[in-house]
Structures are given as C-alpha cells and as structure tokens.
Amino acid sequence: ETIKDDLLLYEQVVTQVVYGRPDNGISQEEAKKTLQDYDEAIDSSHRRILALTTERVSTQQRQQQLDGVETARWVASVARAKLLSDDEPGVADQQAIIDLLEPLLTANVKLADRTRRTGYLLLAAAYRALDEMDQVASVMNFALKDFPGDEAIIAESGDAWAAAGNLFRAY
C-alpha cells in the first residue's frame, strides 16, 4: 500500500463529508475538522515521500507519489471552496474561493471529473457574485474544454458571455 493509496482513501471520506452536506447531518464545523485532518495527512505524506531514498523507491515511483499529493492538495482546495460557498458567502469568502481555485485553470493535475467540474462551477459562481462576468466567461471557456457536452456548462458559458456584453460568443 502506498502513500498515494492512503490519500485516496482519505479523499473518499472528505468527499462524503463535504459534498454530502447538509444531507448527511454533518455540521460545517465537523466538515472543516475533517478537511483539516486531510490537510495534515497530505503534509505528513509529503514529508514521508521526501524522506524516501532512491534505494527504497525509484525516481519514477517517488514522482507518482508526489503527483498523488498534488492531486490531494487540489481535492482539499475544491472542498475548502465548497465549504466557503455553503453558507451565504460574503465578498471576502468569494475572494478566498477565487484565490483557492484560480490556479486550477492552468494546473496540470489529474482530478476526478466531479472535482474539476465542481471547482470550475465554484470559481465561476464566486466571480458571478462579484459581478465579474468576463471572468465567469473565461472560467467557463476552460470548463468547456474539459466538459464540451455538459449542458449546464454550455448554458452558463452562454449566459456569462451575454452578461459580459459579448453576444457573438454567447450563443
């Protein structure tokens, strides 16, 4: 069993806790605590990987483990943004969501479709709440590249371009 496998198991717990709220009866504070535990597991895993010598694992195996840590960090960022968006976020929360997720647009990391899609939609919603429609449209362009047939993303993209004043790109 590898460190990456450990993080994947923890990711399943985080996904159930964060995305299941409030239907699963877990409070915002309990979800934050679970996410904090996940962050600690990520940091611990990262330290353990860095401590591995090339006698124990190959460079390629080490890189695969580090890629797993990077994926876990992104899962945590999207989950954190989801928690911020749950309870009528203010301007500071919207900006925190943007700060967490804006790098997702250019990150070269393998994420589950659900996580990546959620990240795009949360980022677009944060920009929309701040009335930055050109940014919403830009985010939706990235989302369309990954999810070209997703009707909700297509509609959101068209609405965003129309609201940004670019009717040519809206439809």
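The following legends describe four views of a predicted model of one protein chain.

**Figure 1. Overview of the helices in the protein chain.** The predicted model shows a chain with 8 helices and 0 strands. Read from the N terminus, the order of elements is α-α-α-α-α-α-α-α. The chain comprises 171 residues, of which 39% count as buried. Where contacts join residues at least 6 apart in sequence, 59% of these contacts link residues at least 24 apart.

**Figure 2. Packing of helix α6 against helix α7.** Two packed helices are described by the angle between their axes and the distance between the axes. Helix α6 covers residues 133–146, and helix α7 covers residues 151–163. Their axes lie 8 Å apart and form an angle of about 150°. Angles over 145 degrees count as roughly antiparallel, and α6 and α7 are therefore roughly antiparallel to each other. The crossing of these two helices, α6 and α7, is left-handed. On the α6 side, the residues in contact are M133, V136, A137, M140, N141, A143 and L144. They meet I153, I154, E156, S157, A160, W161 and A163 of α7. Sorted by class, the contact of α6 with α7 consists of 11 nonpolar, 2 polar and 1 charged residues.

**Figure 3. Surroundings of E102 in the loop between α4 and α5.** Helix α4 spans residues 91–101 and helix α5 spans residues 113–129, with E102 in the loop between them. The relative accessibility of E102 is 29%, and this residue therefore counts as partly exposed. When residues up to four places away in sequence are set aside, E102 touches L123 and Y127. With Y127, the side chain of E102 forms a polar contact of 2.5 Å. The view also includes G119, which is 17 residues from E102 along the chain. The C-alpha atoms of E102 and G119 are separated by 9.1 Å.

**Figure 4. Position and contacts of T118 in helix α5.** This close-up is centred on T118, a residue of helix α5. Is T118 buried or exposed? Buried means under 20% relative accessible area; the value for T118 is 18%, so T118 is buried. Leaving out residues up to four places away in sequence, T118 touches Y19 and V78. Figures 3 and 4 may be read together: E102 is partly exposed, whereas T118 is buried.

Conventions:
Residues are numbered from 1 along each chain as its sequence is written. This is a predicted model: local features need pLDDT of at least 70, side-chain atom pairs count only at pLDDT 80 or more; totals for chains, interfaces and linings use all residues. Side-chain values use heavy atoms; hydrogens and water are left out. Axes are lines fitted to C-alpha atoms, for helices over the stretch in contact, and angles run from 0 to 180 degrees between N-to-C directions. Helices (H or I, at least four residues) and strands (E, at least two) are DSSP runs, numbered from the N terminus. Angles under 35 degrees count as roughly parallel, over 145 as roughly antiparallel, 65 to 115 as roughly perpendicular and the rest as oblique. A crossing is left-handed if the near helix is turned anticlockwise from the far one by less than a right angle, and right-handed if clockwise. Contact means heavy atoms within 4.5 Å. Ala, Val, Leu, Ile, Met, Phe, Trp, Tyr, Cys and Pro count as nonpolar, Asp, Glu, Lys and Arg as charged, and the others, Gly among them, as polar. Buried means under 20% relative accessible area, exposed over 50%, partly exposed in between (1.4 Å probe, protein chains only). A polar contact is a pair of N or O atoms within 3.5 Å; within protein, one must be able to donate a hydrogen and the other to accept it, and residues adjacent in sequence count only if both atoms are side-chain atoms.
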